[in-house]
Amino acid sequence: MKQNDHLKGYPKAKQLFRILGPILAVIGLLFMIVAAIDFFSAFGTFEQPDQFYLFFIGGPLLFFGLAMSSWGYMGDIARYGAAETAPVAKDVTNYMIEGTKESVTDLVSGIASEIHGNKGPARVTCSCGEVNNPGAKFCDNCGKPLVKTCPQCQADNDSDARFCSECGAKLN
Ligand SMILES: [Zn+2]
Ligand SMILES: [Zn+2]
């Protein structure tokens, strides 16, 4: 808190500018409108536009009003950009990195388990729907043989295999 003491007058000047800026801008704009109405209403007549000097007051007033209000609010926008947007952007970046990491990890572990699953002993699903333990030769549920033993090389094949995966012999 103490390190901000020297900035104490700063927000007050800003607050004044924030209030004064739009007021000046509005007054300036009104002056210009009055001047313009006077100018154009005097156009068709032979009258001199006697209110036209307001244009030269309203113009600078509008300009300074806009400058003051933009200065008054600009700091906020800058601070908003620095303090508010940065953590959000950081969070989003972190989130995206985390998400990417997670999805990459998922993908890698998915591929790993896929490879592992294909290499390791697979659970055998019977035609009745029962999932039997790896290496089971007969169904737990209905007793049907889950493997076809090759008559030629004695290798175990899936019960629905038509040819031996080891030697290519035709299975019954
Ligand atoms: Zn079965
Ligand atoms: Zn075989």
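**Entry: the nonpolar core**

I began with the largest nonpolar core of this predicted model, and I found that 8 residues make it up, namely Phe 17, Leu 24, Ala 25, Phe 31, Ala 35, Leu 54, Leu 61 and Met 68. I then looked up which elements give two or more residues to this core, and these are helix 1, spanning 9-41, and helix 2, spanning 53-119. Helix 1 gives the most, with 5 residues. As background I noted that nonpolar side chains tend to be buried together in soluble globular proteins.

From the core I picked Leu 24 and listed its contacts, leaving out residues up to four places away in sequence: Leu 24 touches Leu 61, Phe 64, Gly 65 and Met 68. Of these partners, I had already written down Leu 61 and Met 68 as members of the core.

**Entry: the overall layout**

I next read the protein from one end to the other and counted 2 helices and 4 strands, which follow one another along the sequence in the pattern α-α-β-β-β-β. I looked up how much of the protein is buried, and 10% of its 172 residues count as such. I also checked the contacts between residues at least 6 apart in sequence, and among these 30% join residues at least 24 apart.

**Entry: confidence**

Before going on to single residues I wanted to know how confident the predictor was, and I found a mean pLDDT of 77 for the protein, with 71% of the residues reaching 70 or more. Where is confidence lowest, and where is it highest? Among the elements I looked at, helix 2 has the lowest confidence, at a mean of 72, whereas strand 2, residues 131-132, has the highest, at 89. I made a separate note of residues 1-7, over which pLDDT stays under 50 and for which the model has 0 contacts beyond four places in sequence.

**Entry: Ala 36 in helix 1**

I returned to helix 1 to look up Ala 36, which is found there. Its C-alpha atom is separated by 8.7 Å from that of Gln 51, although the two residues are 15 apart along the chain. Ala 36 counts as partly exposed because 16 other C-beta atoms lie within 10 Å, while a buried residue would need 20 or more.

**Entry: two loops between strands**

In the loop between strand 2 and strand 3 I looked up Gly 135, and I noted that Gly 135 and Val 147, 12 residues apart in sequence, are 8.8 Å apart in space, taken from C-alpha to C-alpha. Is Gly 135 buried or exposed? Gly 135 is exposed, since it has 12 other C-beta atoms within 10 Å and the limit for an exposed residue is 12 or fewer.

In the loop between strand 3, at 147-149, and strand 4, at 156-158, I stopped at Gln 154. Gln 154 has a positive phi of about 70° although it is not a glycine. With 10 other C-beta atoms within 10 Å, Gln 154 is exposed.

**Entry: the segment after strand 4**

I finished with two residues of the segment after strand 4, Ser 165 and Ala 169. For Ser 165, I found that its C-alpha atom and that of Cys 150, 15 residues away along the chain, are separated by 9.0 Å. Leaving aside neighbours within four places in sequence, Ser 165 is in contact with Ala 155 and Asn 157. Ser 165 counts as partly exposed, with 13 C-beta neighbours inside 10 Å.

For Ala 169, I looked up the distance to Gln 152, which is 17 residues apart from it in sequence, and the two are 6.9 Å apart from C-alpha to C-alpha. With neighbours within four places again left aside, I listed the contacts of Ala 169 as Cys 150, Pro 151, Gln 152, Phe 163 and Cys 164. Ala 169 is partly exposed, with 13 other C-beta atoms within 10 Å.

Note on methods: Residues are numbered from 1 along each chain as its sequence is written. Chains are lettered from A and ligands numbered from 1 in the order in which they are written. This is a predicted model: local features need pLDDT of at least 70, side-chain atom pairs count only at pLDDT 80 or more; totals for chains, interfaces and linings use all residues. A nonpolar core is a set of buried Ala, Val, Leu, Ile, Met, Phe, Trp, Tyr and Cys residues joined through C-beta atoms within 7 Å. Two residues are in contact if their C-beta atoms, placed from the backbone, lie within 7 Å. pLDDT is the predictor's confidence in each residue, from 0 to 100.
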